[in-house]
Amino acid sequence: MEEQGSNEVIQGRLTALREKMAASGIDYYMMPTADFHNSEYVNDYFKVREYFCRFSGSNGTLLVWQDGAGLWTDGRYFIQAELELAGTGVKLFRMQDEGVPTIKEFLQKEMKEGQTLGFDGRVISAKAGETFEKALADKKIRFMFDRDLADEIWTDRPKFPAGKVRVLEESVAGKSFEEKLKSVMERVEKEGADSFFLTKLDDLMWLFNIRGCDVECNPVAMSYGYFSKENKVLFIQKSVLDKDVMEYLAAKGVETQEYDHVANYLQNLPAGGKILIDSRHCSYYICKLLEAGQTLVAKDNPTEALKAIKNPVELANMEKIYLKDSVAVTKFIYWLKKTIKTSEKITEISAADYLEQLRRSIPEFLDLSFPTISGYGANAAMMHYEAAPEHQAVLAPEGMLLVDSGGQYMGGTTDITRTIVLGPISDEMKLHYTMVAAGMLRLSAAHWIHGCTGRNLDILARQPIWNMGLDYKCGTGHGVGYILNVHEGPQGLRWRMAEGMTEAVIEAGMDITNEPGIYIEGSHGIRIENVMVAENDVKNEYGQFMKFKTLTWVPIDMEAIDENYLTDTDRVLLYTYQKKVFDKISPYLTEEEAEWLRKETKADQTALLKTII
């Protein structure tokens, strides 16, 4: 892989691409991070952008022209992108930084009248395509979206994903396919549509109560769904369906068609129908195809909002799974702090592997929910750093290790980050850690009135960090799937609303991460992340008040806390959380581990709370 991704290899691929562009009359060629469903994480088959520029982050778009190339990505990946793009000739455009143009603005300025913009229309969303159409209309720019130039160059491209599918029992899912579809079609009808075309993979898995394995760590199967009063059609590679799945779908009245038959099916729909599509996820190619005979009702997938509110069965299962996962992470922290003091060699990867082993010992474990981020020292300043065998740090009894990890279980999907002290750290690191912990705890304790979005609550986590003149270039939280994708909408916690972003009211039953952080390039990175669920609180003449219920019970590292920086309220929140961690986790630990946890959480000092209060 190192040889294949050398600077000379990358430059050779870009040269070959430019030759194909010239032969096809394409002046600019665009390659996003997406599959045919605009998924956040994609199978290796779709990693075209990475093939041509080496950047491996989960978000970024590569634009190539005859005498240059640019990569647009967000603040989570600035440090990583600089390292991976070095020597390739690809320029980094830091999205949302002052003075940095968006791709749309760049094309508006650079493209000449009558030139051609090329892209694979199957991996560009309809919404993005329409944005470029409007932005470039004055220059009469032509669009060529029916060719995948990468496929003509990438001769050893991985095979198209085709993993096996399983049925999720209703005792785990909580609701049947029929119940879910009824709710979905009621919303479709309210939007004035008579049919619904669903392309988002995790929404399809949720609706059909099935799970796949076509994307690493994301239990989804390549598929589409079409629904009307008369039809329920699942487009999927039939080779991935065993007898039990076929019988399940047939019993539900679902017609199965081959995945690659979807275009032909849509082209042959009776003309004049009103079909609901979500232009954020439906491809530009599919929408252009549908426009020929259908009236498009462009609305958010109704499945998204329904899926985000976890039902009672899901919530009960999640609570059990999060406790088991928290026990595994707590055991990992104990092992790491104990072992780092010996001469045994521990690396970023071997530490992550040990944590994975602990998770695999849990009976319900299925897979990781994303590749573990294990960053030591300055590596932790890269928010989505991923260690590799050829470049990984060896841990030492000093500094801190940031571990962001999670598991897929039959009963929930977890996501947790802890920054762990391995030895002496600077006063600045203690200040930063203490303020990150304070922000996380303040948000956990939030009370708000129904109608607020994450934009209203984000400041609770950022305030201690903003008070120091610091910030982190990402949101504070995201929804988490249920045995599904670790990132899920529409709920989120962020103050910045960039073009195209939407915000959703936080409803009871929505889960969301709480993960403030501080990242100092070349020095250290700190993130503390729990998952919470929104619940109804008191209701009175002012309205319905709400609160969060915490699901994650893993200790905050008291070695990194300087209580001089905490308010009395912060100290109450800290010691209350730590005591709950001890009470919930200690019954599942060995005697030695439990004694360590007692000291780690300072559980015996909770009597101080009375004097503080």
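In this predicted model, Trp448 makes a set of contacts beyond its neighbours within four places in sequence. The partners are Leu457, Ile506, Ala534, Gln544, Phe545, Met546, Lys547 and Phe548. Trp448 also belongs to the largest nonpolar core, which holds 75 residues. Within that core, Trp448 is one of the residues that touch the most other members. Phe332, Leu336, Leu395, Tyr433, Phe548 and Ile556 share this standing. Phe548 therefore appears twice, as a contact of Trp448 and as a member of this group. Helix 13, residues 312-339, gives the most to the core, with nine residues. A second core is separate and has 58 residues. Among them are Phe227, Ile236, Val240 and Tyr265. In soluble globular proteins, nonpolar side chains tend to be buried together.Helix 15 spans residues 427-444 and contains Thr434. Thr434 is buried, at 0% relative accessibility. Not counting residues up to four places away in sequence, Thr434 touches Ala560, Ile561, Asp562, Tyr565 and Leu566.

An open sheet of six strands was found, with the order 4-3-2-1-5-6. Its pairing is mixed. From one strand to the next, the twist averages 25°. Strand 4 (91-94) and strand 6 (142-144) stand at the edges. Each has a single partner strand, so one side of each is left without a neighbour in the sheet.

Two of the pairings can be described in detail. Strand 1, residues 28-31, pairs with strand 5, residues 116-118, in the parallel sense. This pairing runs over two bridges. Tyr29 stands opposite Gly118 in strand 5. Strand 3 and strand 4 also pair in the parallel sense, over four bridges. Here Trp72 has Phe93 of strand 4 as its bridge partner. Helix 3, residues 78-85, joins strand 3 and strand 4 in a right-handed β-α-β unit.

Helix 1, residues 7-24, packs on the sheet. It touches strand 1, strand 2 (61-65), strand 3 (68-73) and strand 6. The direction of helix 1 makes about 65° with that of strand 2.

A further pairing involves strand 24, residues 511-514. Strand 24 runs antiparallel to strand 27, residues 530-540, and the two pair over four bridges. Asp511 stands opposite Val533 in strand 27. The side chains of strand 24 point two ways. Asp511 and Thr513 point one way, and Ile512 and Asn514 the other. All four are buried.

Which cysteine sulfur is closest to that of Cys282? It is the sulfur of Cys287, at 3.7 Å. A disulfide requires sulfur atoms within 2.5 Å, so this pair is too far apart for a bond. Cys282 is buried, with a relative accessible area of 1%. Cys474 is in no disulfide either. Its nearest cysteine sulfur, that of Cys217, is 20 Å away. Cys474 is partly exposed, with a relative accessible area of 22%. By the same cut-off, the model has zero disulfides.

Backbone geometry was examined next. Most residues other than glycine have a negative phi, and most peptide bonds are trans. Gln96 has a positive phi, near 75°, and is not a glycine. Gln96 lies in the loop between strand 4 and helix 4 (103-110). Its relative accessibility is 41%, which counts as partly exposed. Ile483 also has a positive phi, about 50°, although it is not a glycine. This residue sits in the loop between strand 22 (477-479) and strand 23. At 1% relative accessibility, Ile483 counts as buried.

A cis peptide bond joins Gly489 and Pro490. Omega at this bond is about 5°. Pro490 is found in strand 23, residues 488-493. Strand 23 also borders the loop that holds Ile483.

Conventions: Residues are numbered from 1 along each chain as its sequence is written. This is a predicted model: local features need pLDDT of at least 70, side-chain atom pairs count only at pLDDT 80 or more; totals for chains, interfaces and linings use all residues. Side-chain values use heavy atoms; hydrogens and water are left out. A nonpolar core is a set of buried Ala, Val, Leu, Ile, Met, Phe, Trp, Tyr and Cys residues joined through side-chain atoms within 4.5 Å. Buried means under 20% relative accessible area, exposed over 50%, partly exposed in between (1.4 Å probe, protein chains only). Contact means heavy atoms within 4.5 Å. Two strands pair if DSSP finds at least two bridges between them. Axes are lines fitted to C-alpha atoms, for helices over the stretch in contact, and angles run from 0 to 180 degrees between N-to-C directions. A crossover is right-handed if, with the strands pointing away from the viewer, the path from the first strand over the helix to the second runs clockwise.
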